[in-house]
Amino acid sequence: MTKSTRMMIATLALMAAGVAQAEQWNLVKDEDGIKVYLSEVAGSPYKAYRGVTQIKAEMPKLLALQNDVVGSCKWIHECKSQKLLKQEGDVYWVYSQFNTPWPVTPRDSVMKVTSKKASDGTVTRSMQGAPNDLPPTDGMVRVSKVDGSWTFTPKASGVVEVVYQVHTEPGGSVPSWLANKFVVEAPFNTLKAYRTLAEQP
């Protein structure tokens, strides 16, 4: 076995270990039909979160709420404002600003969102941070990394299972109490508000 082959195997093993660690989800909240899970992420002090719920609504309505970039700030946790930067087919870029409690500096982010539909009707919207696609904004700290997704899986009787999963590196300094609070409140409050709007007649 050559040295380069050994190095490649070792690298793949480390990558696999990282993925496995990120998939060790622990249930931390189960309330009002919403489950929130947290996972350690290799090499990061910040946990990934995953929220899961079922919404009785048609897929077009669920996706319409997602596609309303400005309006979706109504149900995204601590969203202050949001706007569409550009769109290319099923891919678009979004700029968002978020509220933070004093004395933490408010955050903003730039995300690339890609939508894909599987043959079974499942829709996945992948979110990747693109922090360098826009110059820094005065009075804001740019979120340095976003890696997440929304997954919509049709179930029986007009119900759709919705999974909202994200890991972020918020940039700058964030107190541990705020980080720990955010990773639970963000998926729970977002899914609860989103479900309320989606299930309205």
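**Loops, strand pairing and a disulfide in the predicted model**

Ser157 sits in the loop that runs between β9 (145-154) and β10. The structure described here is a predicted model, and this loop residue makes a handy place to begin. Although Ser157 is a residue other than glycine, its phi is positive, near 60°. Its relative accessible area is 63%, so Ser157 counts as exposed.

A similar look at the backbone brings up Glu78, which is located in the loop between α2 (59-67) and β4 (79-88). Glu78 is not a glycine either, yet it has a positive phi of about 60°. With a relative accessible area of 36%, Glu78 is partly exposed; the value falls between the 20% limit for buried residues and the 50% limit for exposed ones.

The cysteines come next. Searching the whole structure turns up 1 disulfide, and the residues it joins are Cys73 and Cys79, with an S to S distance of 1.9 Å. This distance lies within the 2.5 Å cut-off, and the pair therefore qualifies as a disulfide. A disulfide of this kind is a covalent bond between the sulfur atoms of two cysteines. The handedness of the link can be read from its geometry: the torsion about the S-S bond of Cys73 and Cys79 is about -100°, and the disulfide is therefore left-handed. Both ends can also be placed by accessibility. Cys73 is buried, its relative accessible area being 12%, and Cys79 is likewise buried, at 11% relative accessibility. Each value is under 20%, which is why the two cysteines are classed as buried.

Turning to the strands, β3 (residues 48-56) has two pairings to describe. Strand β2 (residues 34-39) runs antiparallel to β3, and 6 bridges join the two. Within this pairing, Tyr37 has Arg50 of β3 as its bridge partner. β3 also pairs with strand β10 (residues 159-169), again in the antiparallel sense, over 8 bridges. Here Gly51 is matched with Tyr164, its bridge partner in β10. β10 is also the strand that bounds the loop holding Ser157, which ties this pairing back to the opening residue.

One last backbone feature is worth pointing out to anyone browsing the model. The peptide bond between Trp102 and Pro103 is cis, with omega at about 5°. Pro103 belongs to the loop between β5 (91-98) and β6 (107-117).

Methods. Residues are numbered from 1 along each chain as its sequence is written. This is a predicted model: local features need pLDDT of at least 70, side-chain atom pairs count only at pLDDT 80 or more; totals for chains, interfaces and linings use all residues. Side-chain values use heavy atoms; hydrogens and water are left out. Buried means under 20% relative accessible area, exposed over 50%, partly exposed in between (1.4 Å probe, protein chains only). Two strands pair if DSSP finds at least two bridges between them. Helices (H or I, at least four residues) and strands (E, at least two) are DSSP runs, numbered from the N terminus.
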